[in-house]
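Open the model in your viewer and keep the selection tool handy. We will start at one side chain and walk outward from there.

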Amino acid sequence: KIRAAQSRLEQRLAMLRVVEALRWYAAENDGKFPKELSDFKEPLPVDPVTGKPFKYETDGKVAHLRGTPQKGMEKNFAYNIHYEISLRK
């Protein structure tokens, strides 16, 4: 349980770093989100659960960032983190 909690915390902190990077990108690019996370010049944190980039999609106005739940926790809402990011002008 302790390792699962540590992994969940690491994932949330990494996701918040990506959220802040998305906000910074939008501030520097006339309020537009990147089409892909790979559009960043600087490296972003990866999902510690998978070791791969977080799941990301945007329609231009709203960005969605999702983490991968730990194995066996797919139906537990605490492990299915989803950030929806929108900007005000």
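**First stop: an aspartate in a loop**

Select D47 and V49: the side chain of D47 reaches the backbone nitrogen of V49 at 3.0 Å. Add T68, whose backbone nitrogen lies 2.9 Å from the side chain of D47. This is a predicted model, in which local features need pLDDT of at least 70 and side-chain atom pairs count only at pLDDT 80 or more, while totals for chains, interfaces and linings use all residues. Residues are numbered from 1 along each chain as its sequence is written, and side-chain values use heavy atoms, with hydrogens and water left out.

Now zoom out a little: D47 sits in the loop between α1 (2-28) and β1 (55-58) (DSSP runs numbered from the N terminus, at least four residues of H or I for helices, at least two of E for strands). Is D47 buried or exposed? D47 is buried (under 20% relative accessible area with a 1.4 Å probe, protein chains only). Yet D47 has no salt bridge (a side-chain nitrogen of Lys or Arg within 4 Å of a carboxyl oxygen of Asp or Glu), and the nearest side chain of opposite charge, K55, is 7.0 Å away.

**Next stop: the strands**

Select β1 together with β2 (residues 62-66): 4 bridges join these antiparallel strands, with Y56 opposite L65. They form a hairpin with 3 residues between them, and G60 in the turn has a positive phi of about 100°. Finally, add β3 (residues 82-86), which runs antiparallel to β2 and is joined to β2 by 5 bridges. Look there for H64, standing opposite E84.

Notes. Buried < 20%, exposed > 50% of the residue type's maximum accessible area, 1.4 Å probe, protein only. Lys, Arg positive; Asp, Glu negative; His and termini not counted. Polar contact = N/O pair within 3.5 Å; in protein donor to acceptor, adjacent residues only side chain to side chain. Pairing = 2+ DSSP bridges.
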